[in-house]
Amino acid sequence: MKLSRIFLASVLALTACGTADTPSTPAPGASGALTPIKLQLQWFYQAQFAGYIAAVDQGFYKEQGLDVELLEGGVDIVPQTVLATGKADYAVAWVPKALASREQGAGITDVGQIFARSGTYQVAWKDSGITKAADLAGKKVGNWGFGNEFELFAGMTKAGLDPSKDVTLVQQQFDMQALLKKEIDAAQAMSYNEYAQLLEAKNPATGQLYTADDFAIIDWKAEGSSMLQDAVWANTEKLSDPNYQAQTVKFLTATIKGWAYCRDNAEKCRDLVVAKGSKLGKSHQLWQMNEVNKLIWPAAGAGVGVIDEAAWKQTVDISLTTKNQTGDTVLKKAPEGPAYTNDYINQAIEQAKAAGVDVTGASFQAATVTLTEGGA
C-alpha cells in the first residue's frame, strides 16, 4: 500500500471525531466513593505507559478519590477519538495526531505533556554512510505512516530533500525486519521499542547479538525536527465544569506520582508492565522503562508535564509547513481555542511537591540495560 493512501486513511481515522454530550462531572470522592475514570492509552500495554500502570497499582489514583481503568490501545484505536466521543475521560496521544483531530472538531485539550522529548529515530546500518537526514537522498526509507512520519519528512525537508522525489518511501511494519533483511536502507524506530529489537536480534555472521556499533542513528532532536509526543488530553467542554477541573488536577497529581515512582523503581515498574500482560519480554521492558524515563526526566522548569512553549511552537510549525509526498500537511491552520493549558498540571505539581514528590528528577541518571535475545 502506498504511503499516501495510508496517510489519507489515517487522517480519516484521526478526524472521525465528534463532540460527545458532556454531563456534569460528579465531584471526585464527594460521596466517599471512588469516582470511576477511564484513561485511553495509545498502544498496547508496555513501559511507555508504566507511570499510569504504577499509579493504579500503587494506589496513587485511589488516594485522590479516583478509580482509574486503563483502556489498552491498538492498531485500530485512536485515543483522541475515544476521548472526544465520550468513551474515555482522558487519553494519551501524540500532539500532532491529536491536533489533527482538533482541527476536524474534536474538543480536546493537552493538560499534561508527560514526554518532554521525542523518542523517534531513523536507523541505518553503520556501513551505509547514513548519519544525517541529507544522507537519505536516493535511499529506500521506511516509515510507519499513520501520522508518525512528519518528523522524518521535516528532517528531510530541512536538509533540502523533497520526500516525494529524492527518496523511495517504503511502508514499514511495526518491527525492524525490513532493515535486518536489508530490504530498506533506513527504518523508523522508537528509542524505547523498535531500536531495542535490533539489539535483541542475532547477527548470523557472528552468532552474537547485534550491538549499537552495528547501526547509525538519526535522532530528530539533533536534526531540529522533533515533535511533542505522549501527552494527557482532556475533554475541552468538560473543563468548564469545576468538578471536572478538580478531577483533572487529582488525576494529574496521581499520574505525576506514578511516573516519579517508575523513575525511582524502574525494575519494579518493569515487573508491573509484564504482569499487566505485555507481549514484550522482561529485558525489553526494562530497556523501554529506562528509555522512556529519559524522555521525561529530568523535567525542566516547574516540573514534569508542563508544556514548553518553544517545543509546542516547533510541533505546530512542522504540522503546518511540512508536506508529505502528496502535498498534505498535518494541519491546515494554527490550532484555535484551548489546544493546551498548564493550569491543571501546575496545580498538580504543587500538590505532588507538598506530598514530598520530586517533580523535576534533576538528579536522574539513566541505567545501563543488558538486552537478551528476543528481549526475553
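Helices on this tour are DSSP runs of H or I with at least four residues, strands are E runs of at least two, and both are numbered from the N terminus. Keep in mind that what you have open is a predicted model.

**Stop 1: H14 and the glycine after it**

Select residues 343-354, which make up helix H14. Its 12 residues reach 17 Å from the first C-alpha to the last, close to the 16 Å expected at 1.5 Å a residue. Now show side chains for Tyr344, Ile345, Ala348, Ile349 and Ala352, the buried residues of H14. Where do they sit around the axis of H14? They cover an arc of only 140°, so they are on the same side of the helix. The spacing fits a simple rule: an α-helix has 3.6 residues a turn, so residues three or four places apart point the same way.

Next, bring up what this side packs against. The buried residues of H14 pack against strand S4 (108-112) and H10. Before leaving, step just past the end of H14 to Gly356, where phi is positive, at about 90°.

**Stop 2: H10 meets H2**

Select helix H10, residues 242-264, and add helix H2, residues 50-57. Two packed helices are described by the angle between their axes and the distance between the axes. For H2 and H10, the angle is about 105° and the axes are 7 Å apart. Angles of 65 to 115 degrees count as roughly perpendicular, so H2 is roughly perpendicular to H10.

To see who does the touching, pick Ala50, Gly51, Tyr52, Ala54 and Ala55 on the H2 side. On the H10 side, take Ala254, Thr255, Gly258, Trp259, Tyr261 and Cys262. Colour the contact of H2 with H10 by class and you get 8 nonpolar residues, 3 polar ones and no charged ones.

**Stop 3: H10 meets H11**

Stay on H10 and add helix H11, residues 266-276. Here the axes come within 5 Å and cross at roughly 115°. H10 and H11 are therefore roughly perpendicular to each other. The residues to select are Tyr261, Cys262 and Asp264 in H10, which meet Ala266, Lys268 and Cys269 in H11. Sorted by class, the contact of H10 with H11 has 4 nonpolar residues, no polar ones and 2 charged ones.

Now look at H11 on its own. Which of its residues are buried? They are Cys269, Arg270, Leu272 and Val273. Turn the view to look down the axis of H11: the buried residues fall within an arc of 160°, so they line one face of the helix. They pack against H2, H10 and helix H12 (282-296), so show those three to see the surroundings. H11 is followed by Gly277, with a positive phi near 115°.

**Stop 4: a cis proline**

Move on to Pro298, in the loop between H12 and helix H13 (309-321). Check the peptide bond from Trp297 to Pro298: it is cis, with omega near -5°.

**Stop 5: positive phi without glycine**

Two places to click here. Phe146 sits in the loop between strand S6 (140-143) and helix H6 (150-158). Phe146 is not a glycine, yet its phi is positive, about 55°. With a relative accessible area of 34%, Phe146 is partly exposed.

Then jump to Lys182, in the loop between helix H7 (177-180) and strand S8 (186-190). Lys182 is also not a glycine, and its phi is positive at about 60°. Is Lys182 buried or exposed? Its relative accessibility is 56%, so it counts as exposed.

**Stop 6: two pairs for the distance tool**

First select Asn143 in strand S6. Asn143 is buried, with a relative accessible area of 0%. Draw a C-alpha to C-alpha distance from Asn143 to Phe174, 31 residues away in sequence, and you should read 8.9 Å.

For the second pair, go to Ala27, in the loop between helix H1 (3-15) and strand S1 (35-40). At 28% relative accessibility, Ala27 counts as partly exposed. Leaving out residues up to four places away in sequence, Ala27 touches Thr35 and Asn243. Ala27 and Asn243 are 216 residues apart along the chain, while their C-alpha atoms are separated by 4.8 Å. Asn243 also brings you back to H10, which covers residues 242-264.

Definitions and conventions. Residues numbered from 1 in each chain as written. Predicted model: local features only at pLDDT ≥ 70, side-chain atom pairs only at ≥ 80, totals over all residues. Heavy atoms only, no water. Axes fitted to C-alpha atoms, helices over the stretch in contact; angles between N-to-C directions. Parallel < 35°, antiparallel > 145°, perpendicular 65-115°, else oblique. Contact = heavy atoms within 4.5 Å. Nonpolar A, V, L, I, M, F, W, Y, C, P; charged D, E, K, R; others polar. Expected span 1.5 Å × (residues − 1). Buried < 20%, exposed > 50% of the residue type's maximum accessible area, 1.4 Å probe, protein only. Arc of directions from axis to C-beta.
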